[in-house]
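Me: Got a minute? I'd like to go through this one with you, piece by piece.

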Amino acid sequence: MNVALYFRLLARESRGSLKRFAFFVACLAVGVAAVVSVAGLSAALSEGVRREARQLLAADLTISSLQPLPPDLHELLTERPELQLTEIKELVTMAAVAHPTGSPGTSQIVELKVVDGVYPFYGILEVDPPGPLGPKLSSEAVVVAPDLLTRLELEVGSDILLGGQAFRIAGVVHSEPDQGAGPFRLGPRVLLNGDGFRRADLDQRGSRVMHRLLVKLPAGTAGESVERLATEVRERVGEFEGIRVRTYKDAQETLQQAIHRVEKFLGLVALLSLLLGGLGVAQTTRAWLASRIDAIAIYRCLGLRPNDVTKLYLGHAVLLGLTGGILGAAAGSLIQRFVPILIGDLLPVSDLAWWSPGAVAKGMGLGIGLALLFTLAPLLATRRVSPLRVLRKDVEPVPQGRGVLLLLYGVLLLGIWSAAALQAQDAKLGSQFTVGIVIAAGLLSLAAFVLMRSLTPLGRHLGPVWARHGVASLAQPGAATLGSVVAVGLGVILVTALAFVEKGLSDELRGELPTGAPTAFLIDIQPDQWPAVERLLVEQGSSHIDSVAVVTARLRTVDGKTVSELAKDSPDDEDRRWALTREQRLTYLDELPADNSIIEGELWSDPEAWEVSVEEDFATELGVELGSRLGFDIQGIPLDLTVSTIRTVDWRTFGINFFLVVEPGILEDAPQVRIATARFPEQGEQSTQDVLAAEFPNVTLLKIRDLLDKIARGLERMTSGIRFLGSFSILAGILILAGGISAGSVQRGQRVALLKTLGMTRQEVAAMMATEYALIGVVAGIIGTAGGVLLSWFVLTRSMELSWQPYPRLILTSLALSVILTALTGIVASWGALQRRPLAVLRAD
Amino acid sequence: MSASPRIELRKLTKVFHSGSADLSVLNEVDLEISAEESVAILGPSGSGKSTLLALVAGLDRPTSGEILIDGQSIQTLSESELALLRRHKIGFVFQSFQLLPNMTALENVQLPLELLSDSRAQDRASELLDLVGLTDRAHHYPTQLSGGEQQRVALARAFAPSPAILLADEPTGNLDRRTGRTVLDLIASLRRRFGTTLVLVTHDSAAAQLADRRLALEDGQLVPATSDTDGLLAPSG
């Protein structure tokens, strides 16, 4: 067959198949759109991060620590005139409205950023009025985020109190290049300079101040010079001494890793939509080719070879795959374009590419590849059509050999696994995904089979004729029951699981605080302030007041081995490195709080040793056990402690708890601050906060409710993105269902016509179809919901270590929506058959 | 006339396996048909006429025996080789017309010529449609044509590549008597024009009159048709 004839035949074969082709293309396009949007967004973010690497840090290099940076480090850097330096301090504190009468004004927790020098070195600080930041800040003037103005009902030019001192608001800051991504902020930003900070006197002992030094190398300096400087600094300060040195490349790497982690997960969610699309493609192709069997027999009779026939339909699959791929890629790129508009503030970079050629190639490649994979079996089936059908209609295609069948399944599984491994960038995760899909599809197929076998005989005993016929339709030859149940069911699993996890997370964060749990934390209380703070809390009606001393320290050794060595031994274990090198916060107590339980050892039992009690998970991270020796440095003074108990903590009580609790009689004279918890009267939260802010401006108050709400809001925005992707799988499921139904439209039309001729009304026929599809919805809904609930239980309890709730309402909603959507789709897809006049159909027959 | 017959069947046997029972439809059938000869095979429904036709066309495989087309044994050919044999040598006419529903009348006739890479496929197809009197229906789809018209298109398609052999399976079975007559006349005139060997399978003795030689299938054997045989014919199912 020459090329011209091949394309002529392709065109002729397409006639009258447009509806089927539309389903093929739509199923594929939905999946490709999901894949392209995830890959595209991720590629655009990666590219943005690469491009804006210096902006993300606002410098070439930053050095940060919770302790003031050592003077010799300053010397090292200041003796090199080519370097530009800016000192930054960041802390959380309270701001309040300066009230002319002297009574306490409304207060608000804020995130303070103290800037001494040029800021930023790279990127854009959006301030209003526009212009450099330096001149706007003075010992008496600050720049604040717009939401602080809203919350405190202030405007530019008003005064606010910081540390009890009044500052004039000189402008508004909209964004900072190095603010990082994410929805979690304790309060609005306030920018001030060093003079202002000293005047506010907020740098008191024990305050949590993050010191950061921004370093800029001369313009055009190669990346290697930045790395060299970073190495030099690290050598001078010691890498694990609580001082973090980051180059713009490190910052970029951290973000890239985060992007890839998210991409892996979302990539698999998108792949599920694509696989469902593939299922739809297989179903549509199978139905289409089944309708072409007679034509294939004629072709063979006229002299087309089996290979010619297969090539002809393969050509269609390729062309349709291409069309679906292109449309899906366009839709995916469009989504990529709009996502930043919806959740731009959650993204680390702003100026994202409109589309990503790599993502489009990946989406189209995966889409077309999977489309061909899923059409392989129906395409090969064309070879088994006997030309003898031209003489005898009852000649069925030769059955597929068992070996070929097994090979086909093998190829399909291998294809799915490859796609999953590619999307997850991880062979193991790809395998788990494939096994999960196979199990879920297997269970759904089994359920569909049981439905067809068991319900059909039962249905004969049903009352109304439409119900009997509706049930019987499920098992009639050519019914799309199996494919529909699997497709809808897989979609329901994903969406139900997402809904459960989202609700579980949200409830965990938004749920009622346990009775007696504190509603607020007070931090940075100086020890001599505590009696007055406590008195104030009591006067304001607070209950459950609790307070402990906090001593900050650094861990130097574990069983004689230095923390630096230990951290170097586990370069990939972020949790362990964090546990070893963090600023350790110690307290001392006679008795452990009620929400602690000792699981090993006995509290303060060894008169010979100075003891410490370690929380179980933290002990695991540190790699310590009973009898281990921890060497601390408490502001220059070494202290060796022996682990004498390991305990668990119920963190959900929100009480004051510590990883490390030290035996009394050791730390009492060490430099310390106090933190406190209290349950504020319900109506008096704001006034208590305002009075506290007015009388103790250095004390920071964190309202637990607000904090949890903020986290919940942030999580909800992130999960909404996942839900959006999940909805693609439902769309794919519905398309498959509609495609399956419409594939049998000819037989359906004939059946409807016959039933109408025999006296069934249109309403009864509609009720019959509703019964059929509702039953598909019931089975897919039950199995899908059960699967989704199980998956959510696994994710919540195993992966997130949260509690799991059954949420009966969510289960019912999932079931009801499955049934309603499936029945509606069925009716809509059969609308044509319902409307046609019986005579027209029977004549055509 | 060539030395070897156009179609030769040697001890051709076809047994269908149905459950535990074997049904022998053709039993060591021998037959020679020379070029340009026309043979009608009569027999009641289920006697094996269509099976015989399918075997000659290479649409089915015999249980045993040999089929030779122009001296070439065809039962050892692969499916692809059989397709090429049909493409080059065999035309078909069926009871149920078997037009491709998504092609116009002209395209249906064009297709066998296109498969032979005939650069004048469209012109030849038009000529053929003209011969069967359907020039004005060339761009109609099969569903837009009457039964008689469809069968005339099928005839044009069968004769388009000037095949050496035409196999006709109850070509008038689905047509009324008058239309059937027209179709038979067309077959006769086209056959003469193209010098085609004809194997006509029918239960209709009137149709069989078209052929030079009339045979009947009885108990799996070919025997010369007699008036008795004709009288035994049952309406086709």
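Me: How many residues does each chain put into the contact?
Reply: Chain A gives 21 residues and chain B gives 24 residues. Two residues are in contact if their C-beta atoms, placed from the backbone, lie within 7 Å. This is a predicted model, where local features need pLDDT of at least 70 and side-chain atom pairs count only at pLDDT 80 or more, while totals for chains, interfaces and linings use all residues. Residues are numbered from 1 along each chain as its sequence is written, and chains are lettered from A and ligands numbered from 1 in the order in which they are written.

Me: Which elements of chain A give two or more residues to that side?
Reply: Those are α1 (3–14), α9 (293–301) and α10 (306–343) of chain A. The largest share, 4 residues, comes from α9(A). Helices (H or I, at least four residues) and strands (E, at least two) are DSSP runs, numbered from the N terminus.

Me: And what kinds of residues are on the side of chain A that touches chain B?
Reply: They divide into 11 nonpolar, 4 polar and 6 charged. Ala, Val, Leu, Ile, Met, Phe, Trp, Tyr, Cys and Pro count as nonpolar, Asp, Glu, Lys and Arg as charged, and the others, Gly among them, as polar.

Me: New topic. Where is A:Leu133?
Reply: A:Leu133 is in the loop between β4 (126–128) and β5 (141–144) of chain A.

Me: Why does A:Leu133 count as partly exposed?
Reply: Because A:Leu133 has 19 C-beta neighbours inside 10 Å. A residue is buried with 20 or more other C-beta atoms within 10 Å of its own, exposed with 12 or fewer, and partly exposed in between, with C-beta atoms placed from the backbone.

Me: What does A:Leu133 touch?
Reply: Leaving out residues up to four places away in sequence, A:Leu133 touches A:Val115, A:Tyr119, A:Leu125, A:Val127, A:Val143 and A:Leu191.

Me: OK, over to chain B. What's the strand order in the open sheet of 6 strands?
Reply: The order is β6-β7-β8-β3-β9-β10 (chain B), with mixed pairing. Two strands pair if DSSP finds at least two bridges between them. At the edges sit β6 (90–93) and β10 (221–224) of chain B, each pairing on one side only.

Me: Do β3 and β8 of chain B run parallel or antiparallel?
Reply: Parallel, with 5 bridges joining β3 (residues 38–42) to β8 (residues 197–202) of chain B. B:Ala40, for one, has B:Leu200 in β8(B) as its bridge partner.

Me: Last one: how many helices and strands does chain A have?
Reply: Chain A comes to 26 helices and 21 strands. Of its 845 residues, 44% count as buried.
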